[in-house]
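Q: Could you zoom in on one part of this model for me and talk me through its surroundings? I'd like the loops, the strands around them and the packing, in whatever order makes sense.

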Amino acid sequence: MERTFREQLCFLLLCLSVLKGDSRYIEDNEVTHDEMYSFLNSDLKREIPDEFIYRRTLRCLDMVAVEGQFSFLSDRPQLSCAAFFIAQPDEVISVYFDDVDVDCRGGDFIKVFDGWVMKGEKFPSSLDHPLAPHERYVDYCDSGSLRRTVRSSQNVAMIFFHIRNAGKSFTITVKKVINPFPCNIISQIPEGTFTMVIPQQHRNCSFSIIYPVEVQILEFSIGRHNDLPKRSVTGCTEAGDFVELLGGKGLDTSKMLSIADLCTSFTGPTNMKIACDNTVLRIVSSGKVVNRVSFSYRLLDQQELQRIKLNSVEDVCFNG
């Protein structure tokens with residue numbers, strides 16, 4: 001539990017290499033923590049003029065948090081390469097293929113994935129994403145000019161690419177688009193405040209924090225039909241609309257530990273410390289009412305982690 005956010009994201013990237021068992025090029029990849037995560041710094045992003053188009057080389061394993069143009073040139077066969085894209089919570093990501101020179105018939109591919117994948121686990125979960133699992137992959141070699149632009153459904157996306165021969169290349173442009181009703185978010189920062197609203201849509205939305213944190217629920221309003229009183233429902237599953245707190249080590253919310261369910265509207269605050277690698281606040285919505293939750297979160301320090309380690313819930317997060 002002593003890993004920093006940078007270390008956890010680095011671990012996420014490195015785990016990608018075992019998806020297909022191809023890890024031999026990671027040891028030779030010259031990616032440093034400072035290079036990989038410098039563009040997560042909000043101050044640096046504000047320094048980039050609006051009229052300036054940021055350009056740089058895309059690495060075999062990479063993290064991209066800014067808009068710009070990114071090019072990859074193969075100097076040797078590349079296996080299981082990927083770039084992770086992340087935007088602000090209220091943004092989605094648009095990936096545009098500017099120029100592609102790869103051998104699709106020879107086995108090369110460039111696939112955009114709507115979300116993130118780590119060790120076979122997906123975010124958002126297949127249960128929470130509007131598209132079927134196979135529809136979340138867009139292969140440029142299959143779609144070509146028909147799908148030169150791919151837009152994500154949330155603030156994270158990624159590309160997988162496999163290039164067999166040296167000298168092949170591609171260039172993409174990454175842009176961010178405002179999302180008026182953000183749903184399924186991975187936070188870039190270990191502390192903050194956010195309000196998530198589902199406007200009468202039958203969908204589930206998660207806010208994922210890749211840290212052990214204290215979550216303070218400031219206010220939430222879970223709508224009800226006029227003929228149904230507001231009441232607590234054991235486990236909340238009968239309520240149809242509810243908020244749940246989850247904790248775990250992976251990305252997939254369907255595989256995480258349920259820590260608490262909330263299904264009666266109230267004004268808070270309510271605090272809970274969750275000592276898991278990944279903490280998720282998730283709204284389950286029937287689509288018949290408007291659901292809203294406001295919350296804040298902050299990183300737990302080492303003393304707090306030690307104090308709660310013996311707690312029966314957090315103990316699962318440490319040792320499960």
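A: First, a bit of vocabulary: strands here are DSSP runs of E with at least two residues, and they are numbered from the N terminus. Keep in mind that this is a predicted model.

With that numbering, Cys 104 sits in the loop that links β5 to β6. Is Cys 104 buried or partly exposed? Cys 104 counts as partly exposed because its relative accessibility is 31%, which falls between the 20% and 50% cut-offs. Along the chain, Cys 104 and Arg 164 are 60 residues apart, yet their C-alpha atoms are separated by 9.8 Å.

Now step back from that loop to the strand before it. β5 covers residues 91-101 and pairs with β10 in the antiparallel sense, over three bridges. One place to look is Tyr 96, which stands opposite Thr 149 of β10. Both strands belong to an open sheet of five, ordered β1-β3-β12-β5-β10, with mixed pairing. At the edges you'll find β1 (55-57) and β10 (149-151), each of which pairs on one side only. Ignoring direction, neighbouring strands in this sheet are turned by 20° against each other on average.

Follow the chain out of β10 and you get to Ser 152, in the loop that leads from β10 to β11. Ser 152 counts as buried because its relative accessibility is 7%, below the 20% cut-off. What does Ser 152 touch, leaving aside residues up to four places away in sequence? The contacts of Ser 152 are Val 92, Ile 93, Asp 114 and Ala 157. A polar atom on the side chain of Ser 152 lies 2.6 Å from the backbone oxygen of Gln 154. There's a link across the sequence here too: Ser 152 and Gly 115 are 37 residues apart in the chain but 7.1 Å apart from C-alpha to C-alpha.

Another serine loop worth a look holds Ser 74, between β3 (68-73) and β4. Ser 74 is buried because its relative accessible area is 2%. The side chain of Ser 74 reaches the backbone oxygen of Asn 165 at 3.2 Å. Setting aside residues up to four places away in sequence, the neighbours that Ser 74 touches are Ile 163, Asn 165, Ala 166, Gly 167 and Lys 168.

From that loop the chain enters β4, residues 78-86, which runs parallel to β2 and is joined to β2 by four bridges. Met 63 of β2 stands opposite Phe 84 in β4. As a rule, side chains in a regular strand alternate between the two faces of the sheet. In β2 (residues 61-64), both faces are covered: Leu 61 and Met 63 are buried on one side, Asp 62 and Val 64 on the other.

What about the packing? The largest nonpolar core has 28 residues, and the members that touch the most others are Leu 58, Phe 85, Ile 159, Phe 161, Phe 170 and Ile 172. At least two residues of this core come from each of β3, β4, β5, β6 (109-113), β11 (156-163) and β12 (169-178). Phe 170 makes a handy centre for your view: beyond four places in sequence, Phe 170 touches Leu 58, Phe 70, Ser 71, Phe 72, Asp 99, Val 100, Ile 110, Ile 159, Phe 161 and Ile 163. Another core lies apart from this one, with 25 residues, including Phe 207, Ile 209, Phe 220 and Ile 274. In soluble globular proteins, nonpolar side chains tend to be buried together.

Further along the chain, β21 (residues 290-299) is worth selecting. β14 (192-199) pairs with β21 in the antiparallel sense over eight bridges, and Pro 199 stands opposite Val 290 of β21. β16 (213-222) is also antiparallel to β21, with nine bridges, and Glu 219 stands opposite Ser 294 of β21.

To put that part in context, the protein has six helices and 21 strands. Of its 320 residues, 51% count as buried. The exposed area is about 15,300 Å², of which carbon and sulfur atoms supply 49%. And for contacts between residues at least 6 apart in sequence, 77% join residues at least 24 apart.

Definitions and conventions:
Residues numbered from 1 in each chain as written. Predicted model: local features only at pLDDT ≥ 70, side-chain atom pairs only at ≥ 80, totals over all residues. Heavy atoms only, no water. Buried < 20%, exposed > 50% of the residue type's maximum accessible area, 1.4 Å probe, protein only. Pairing = 2+ DSSP bridges. Polar contact = N/O pair within 3.5 Å; in protein donor to acceptor, adjacent residues only side chain to side chain. Contact = heavy atoms within 4.5 Å. Axes fitted to C-alpha atoms, helices over the stretch in contact; angles between N-to-C directions. Core = buried A, V, L, I, M, F, W, Y, C linked by side-chain atoms within 4.5 Å. Areas by Shrake-Rupley, 256 points an atom, 1.4 Å probe, with all protein chains shown as cover.
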